[in-house]
Amino acid sequence: MKTIRNLLILTLILSCGSCKNSKFGRGLRGLPENPAADEWYLDAEGFRKTIDGKKTDLYRLSNDAGMEVYVTNFGAVIAAIIVPDKEGIPGDVALGFKEVEGYAAEGDPYFGAVVGRYGNRIDGGRFELDGQVYELPINEAGNDNQLHGGPKGFSEMVWETGELTNNSIELSLVSPDGDMGYPGRLELSVRYTLTQDNALEMVYKAVTDKPTVLNITQHTYFNLKGEGRGNILDHELMLNADHFTPVNQRLIPTGEISPVEGTPLDFTTATKIGKRIDDDYEQLSFGRGYDHNWVINAGDGGLNLAGTVYCEETGRFLEVLTTEPGVQFYCGNFLDGSLTGKSGGSYEHRGGLCLETQHFPDSPNQEGFPSTVLNPGKEYYQKTVFRFSVK
Ligand code: GAL
């Protein structure tokens, strides 16, 4: 009797040990063997903090197909995207940090965040609206621009958590009149929904009480091999865009809308990102690689394909669809190995790529670009979809 009891206790101890391993160490890059099981991949405690007097937390969305998305209300950050590869093995394809502090730290390159009020750059941090000049705090030192909404943009704020279900979450914030230099009290919400067919849908809505400008984008860095697994130069990219908006040395659009044909920016057919990245081409040297806004074909306000990314090694295939007219393809040129990611490894140069669906950079200063003005009585609406499959 005693021997049987001792055996039972031993089995219990051993099985408990392996639970721990599957959560924090072994398994695939620290993933539990079945990420849709009850065990969480990220440790929620590392996200349960108080920032600016507000509580932050971690939320998990899941579907029946084995996909999981982790979201925190700090910066409306997508902290992990776990999706199976061609063998059905799950992996985390989004770069990020293990704890919320990483996202709040100065060196965070907007991993997973919702960026606003103005995604990308505003020339000299200055624009004019209805005859009034607005001066915005500059946070891109060398270039003297405002980048991604300023030093305390939406990616640095604690959002309110609204309705939460197994597969969706709504987050919202109020940005007061004058916030980061922008006019109008803005109410903004984003709803993330994970569908049964492995698509993460994002719907953004906003209203203002004074005319203002608004350009929201999602700044997830993807690596379809898995976060922390080298660079993305072997990923094949297709962009549904015959044109792009060239920039000057300060990464401000010149105002031209130029054809991609005959340039290393032509991704109209799927091409490996690394194939032409070192070509002798002025736009590539200004961007230190790819860091440009492409003009989506038929960007007519409907849900259009912006682009696709394919990773042969894992078979993972990502499609990005959006109602926005542009997409900033940025291939992690500023990553330099100094940031430690979720699984403990460092994020190397070009260790992730962003497809930031958006209006064009610096539109408030560019008459020829689609307008980013939001007036009272009108609702801002954007839908963007990250859809995953395998080939
Ligand atoms: C991108 C931008 C890059 C860089 C990056 C953040 O959206 O295009 O130039 O600023 O964000 O490091």
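In the predicted model, the largest nonpolar core comprises 59 residues. Within this core, the residues with the most contacts are Tyr192, Tyr290, Trp294, Phe329 and Phe388. Strand E14, spanning residues 186-194, makes the greatest contribution, supplying five residues to the core. A second, separate core contains 25 residues, among them Tyr41, Ile82, Phe111 and Leu335. The surroundings of Phe329 illustrate the packing in the first of these sets. With residues up to four places away in sequence set aside, Phe329 touches Leu237, Leu239, Phe267, Ile273, Tyr290, Asp291, His292, Trp294, Leu353, Cys354 and Leu355. Two of these partners, Tyr290 and Trp294, are themselves listed with Phe329 among the residues having the most contacts inside the core.

Strand E14 also belongs to an open sheet of nine strands, arranged in the order E12-E13-E14-E15-E28-E24-E23-E18-E21 with antiparallel pairing. The edges are occupied by E12 and by strand E21 (271-272); each has a single partner strand, so one side of each lacks a neighbour in the sheet. At the E12 end, strand E12 (residues 160-164) pairs with strand E13 (residues 168-175) in the antiparallel sense through three bridges. These two strands form a hairpin, with three residues between them, and Thr161 is placed opposite Leu171 of E13. The pairing then continues from E13 to E14, again antiparallel, over eight bridges; here Glu170 stands opposite Arg191 of E14. On its other side in the strand order, E14 is joined by nine bridges to strand E15 (residues 199-208), and the two run antiparallel. Tyr192, one of the residues with the most contacts in the largest core, stands opposite Met202 in E15.

The largest pocket encloses about 830 Å³ of space. Its lining is made up of 35 residues, and those nearest the pocket centre are Glu106, Asp108, Pro109, Tyr110 and Leu147. Classified by residue type, this lining consists of 15 nonpolar, 10 polar and 10 charged residues.

Several loops contain backbone features of note. Most residues other than glycine have a negative phi, and most peptide bonds are trans. Against this background, the peptide bond joining Gly116 and Arg117 is cis, with omega of about 5°; Arg117 is located in the loop between strand E7 (114-115) and strand E8 (121-122). Positive phi values are found at Asp130, near 50°, and at Arg350, near 60°. Asp130 lies in the loop that connects strand E9 (126-129) and strand E10 (132-135), whereas Arg350 is in the loop between strand E25 (326-330) and strand E26 (354-358). The accessibility of the two residues was also computed. Asp130 is exposed, its relative accessible area being 66%, while Arg350 has a relative accessibility of 10% and therefore counts as buried, the limit for that class being under 20%.

A further loop position, Gly302, is found between strand E22 (291-295) and strand E23 (304-310). Gly302 has a relative accessible area of 29% and is therefore partly exposed, since this class lies between the 20% and 50% limits. Apart from its neighbours within four places in sequence, Gly302 is in contact with Thr322 and Thr323. The C-alpha atom of Gly302 is separated by 22 Å from that of Phe267, a residue 35 positions away along the chain. Phe267 is in turn one of the residues touched by Phe329.

Conventions: Residues numbered from 1 in each chain as written. Predicted model: local features only at pLDDT ≥ 70, side-chain atom pairs only at ≥ 80, totals over all residues. Heavy atoms only, no water. 1 Å grid on protein atoms, 1.4 Å probe; cavity = no way out; pocket = protein on both sides within 12 Å on 5 of 7 lines; lining within 4 Å. Points joined across faces, edges and corners; volume = space filled by probe spheres on them. Nonpolar A, V, L, I, M, F, W, Y, C, P; charged D, E, K, R; others polar. Core = buried A, V, L, I, M, F, W, Y, C linked by side-chain atoms within 4.5 Å. Buried < 20%, exposed > 50% of the residue type's maximum accessible area, 1.4 Å probe, protein only. Helix = DSSP H or I, 4+ residues; strand = E, 2+ residues; numbered from the N terminus. Contact = heavy atoms within 4.5 Å. Pairing = 2+ DSSP bridges.
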